[in-house]
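Subject: Handover of a structure, with notes

Dear colleague,

I am passing on the structure below, followed by the notes I made while going through it. Please read them with the model open beside you.

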Amino acid sequence: MAAYRYGPVLLLGFVALVSHFVSASTPNNLEDIREEPKSTDGTDSVLPERTDTRESNEFTPRQDGSAASPEALESGSRWAATEVDLDTVPLSGEKATGNLRDEAAEAFDSLRHQRYNDQFQEELVIRPLHSGDIYSSFQFRTRWDTDFFQKGKKVADYRLFPKSLGQVITKFSVRELHISFTQGFWRTMQWGQPFLSAPPGAELWVWFQDTVTDVDGAWKELTNVLSGIFCASLNFIDSTNTVQPSASFKPLGVGNVTNHKFLRYAVLPREIVCTENLTPWKKLLPCGSKTGLAVLLKSEKLFHSSFHSQAVHIRPVCQDWKCTSTAWELRQTLSVVFDLYTSGQSRREWSLFKMFSRTLTEACPLASSSKIYVDVTDNSQGELFELSPVSPILSQAVVLGDRRTYSVYDLMTPDTFGTLRSLNIQLRWKMMDVAEGLRPLLHGERYVAGYGLQTGEIHTLVYNNHPYRAFPVLLLDSVPWYLRLYVHTLTVTSKNRENKPSYIHYQPSKDRLRPHLLEMLIQLPPNSVTEVTVQFERALLKWTEYPPDPNHGFYAGSSVISGLVPSIVAMDTNSTQEGPLFSSFFPCKEESTYFVRVYTEPLLVNLPTPDFSMPYNVICLTCTVVAVGYGSLYNLLTRTFQVEEPGPGLAKRLANVIRRIRGVPLL
């Protein structure tokens, strides 16, 4: 771009152009304004010169750490100027030129401080488990410094934040939204605690704004909309499987809204997760599945695993440590556990290509941070396994009350990919016998006892594996209405002694309207197993209420156990401090404890089921009787009888044959 000289006409036009951009509120499409360079003839230049050229595969970093894609820069973020011969424009005096120069400088100063107000980060954490499996956790975070509910302003300019979810937040006045789709069950005693747990099936819990008057109506419409966005069966969520917890599922974002009448929670334990749920989930990412860590999300590999869980979390967060203003955070997580033995690999060795059938070639151009963390806590001296390529960056983070060491691969650095422009992290074990890891401090189990199809008993076991610390937990049970609980039989025992809960909230069910809701605050003694039992009676359903496979059984959702578990090391209470995404989801207010939410197994209960083959037998018998009885009578009443003469006998027919041969007249 050639340098321009000042002139009244050009300055007036440029000031009008700047005012138009400012009034249109489109600073996201502007690049950072640099210092105005001087022209060669000694006069000031109105527009900055472009002296740098970039290749198409590079991106432009921002002052706040975000980045713009080459396509965005080429499409709308670069100004287009027109050559004008200023020698033909008359000047109107030094005073007018000086005033216009001051206005242009002020406009440039205002634009220079305008930055992109959204950013995107992506992370992958790989943790070798003591059972020989590989735990991989993807974290994608999009943060947007905007206000969806500002009066007189409608958010219409979306860059990184998905527009479909932004419209859902605005239309239904959503404060927080958490949804997960899980296939399989997380084996806590074998794999330890996950970064973010989820129950089998589909789980959805939403906090609405306090301005919503009809929460149930908004909840019903929201489930139908989310069912279409994620191609799931969330439209089956209704009043029969929706509860309103009174103490569980506190807001994870900023704000002081604690009125639980604006909270709704539902779970579909029978929901099957497949590729049609993964595809719309990947489309919410700014780069989709074309570049960055998302290229590893190959459906045939992800679903050929022992455990798979994908989730979407939306919440308001603080922009800075003072929390004077809030931003919206969209966090997409995907966790998968690979069993290398069942996948056809006999050796305990893994690599990105073996797990995902792909390697990494570049980071997402729109990401401000793209990293891979490999847990090497148990391999401090390199005696257990060998990691290649070796990363010179080691990082420590406090995760789930323990300090872990990670080998970090920064995908924003070109040297990470090497000369082949491809990254394939490999791990080779040196020792096959690995010591068992520490048992998780909090663990839960659940099963159904009893015999027959009339009554039964639900047993919930909560384990506190801490050797000397006791801590309270909050237990939530949502039981379908067709399992009629006998609340007077509720017992809580720890170490063969009665353990009286300090808080109990019970909401009885209504047939075909709402489920049971039971919440209890229980103190867990150290190194103990607390058992919660309650008896129930099975209800008789109408024959139209049974599913197509009634003999498979009926599912009851998992129990939810939430608690503040004692930490081995001091936790970080500064939630605004930059750190790994996998260690900063749950807010921490105390250095001595950390929050954990675990889920038990879902229940599969058999109900009294009629013999659905009996209608078929009745129909067959009835049709047979009608065909035999009524058919015979109908034939007798409608048939026409005719008298026929008896035909000639056999001897007469033979005689006629002989006569015909001889030429004699027939008999």
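In strand β18 (residues 455-464), 8 of the 10 residues are buried, so this strand is largely enclosed by the rest of the structure; buried here means under 20% relative accessible area, whereas exposed means over 50% and partly exposed anything in between, with a 1.4 Å probe and protein chains only. Helices (H or I, at least four residues) and strands (E, at least two) are DSSP runs, numbered from the N terminus. Before going further, please note that this is a predicted model, in which local features need pLDDT of at least 70 and side-chain atom pairs count only at pLDDT 80 or more, while totals for chains, interfaces and linings use all residues. Residues are numbered from 1 along each chain as its sequence is written, and side-chain values use heavy atoms, with hydrogens and water left out.

Strand β18 runs antiparallel to β17 (residues 442-449), to which 8 bridges join it, and two strands are said to pair if DSSP finds at least two bridges between them. The two form a hairpin with 5 residues between them, and in its turn Gly450 has a positive phi of about 110 degrees. β18 also pairs with strand β24 (residues 528-538), again in the antiparallel sense, over 10 bridges. Leu461 shows both pairings, having Glu445 as a bridge partner and Glu531 in β24 as another. Further along β24 is Glu537, which is partly exposed at a relative accessible area of 25%; its C-alpha lies 9.7 Å from that of Leu607, although the two residues are 70 apart in sequence.

The next element to look at is strand β9 (residues 307-318), where 12 of the 12 residues are buried, so that the strand is largely enclosed by the rest of the structure. In a regular strand the side chains alternate between the two faces of the sheet. Both faces of β9 are covered, with buried residues that include Phe307, Ser309 and Ala311 on one side and His308, Gln310 and Val312 on the other. To one neighbour, β5 (residues 174-183), β9 is joined by 7 bridges in an antiparallel arrangement, with Phe181 opposite Gln310. To another, β10 (residues 326-338), β9 is joined by 12 bridges, also antiparallel; there Val312 stands opposite Gln332, and His313 has Arg331 as its bridge partner. These strands belong to an open sheet of 11 strands with mixed pairing, in the order β7-β8-β6-β5-β9-β10-β4-β3-β12-β15-β14. At its edges stand β7 (242-243) and β14 (393-399), each with a single partner strand, so one side of each is left without a neighbour in the sheet.

Salt bridges come next, each being a side-chain nitrogen of Lys or Arg within 4 Å of a carboxyl oxygen of Asp or Glu. The structure holds 13 of them, and one joins Glu329 to Arg141 at 2.7 Å, N to O. That pair links distant parts of the chain, since Glu329 is in strand β10 and Arg141 in strand β4, 188 residues apart. Glu329 counts as buried at 1% relative accessibility, and Arg141 is buried with a relative accessible area of 13%. Glu329 also forms a salt bridge with Arg331, the closest N and O atoms being 3.1 Å apart, and Arg331 counts as buried at 1% relative accessibility. Salt bridges that share partners join Arg141, Arg315, Glu329 and Arg331 into one network.

Finally, there are the aromatic rings, where rings of Phe, Tyr and Trp (its six-membered ring) pair if their centres lie within 6.5 Å, and planes under 30 degrees apart count as stacked, over 60 as edge-to-face and the rest as tilted. By this rule the count comes to 25 aromatic pairs. One of them is Phe140 with Trp281, whose centres are 6.1 Å apart and whose planes stand at 70 degrees, so the pair is edge-to-face. Because Phe140 lies in strand β4 (residues 134-144) and Trp281 in helix α7 (residues 275-283), the pair ties together parts that are 141 residues apart in sequence. Both Phe140 and Trp281 are buried, and they belong to one aromatic cluster with Phe120, Phe138, Phe338 and Phe356.

With best wishes
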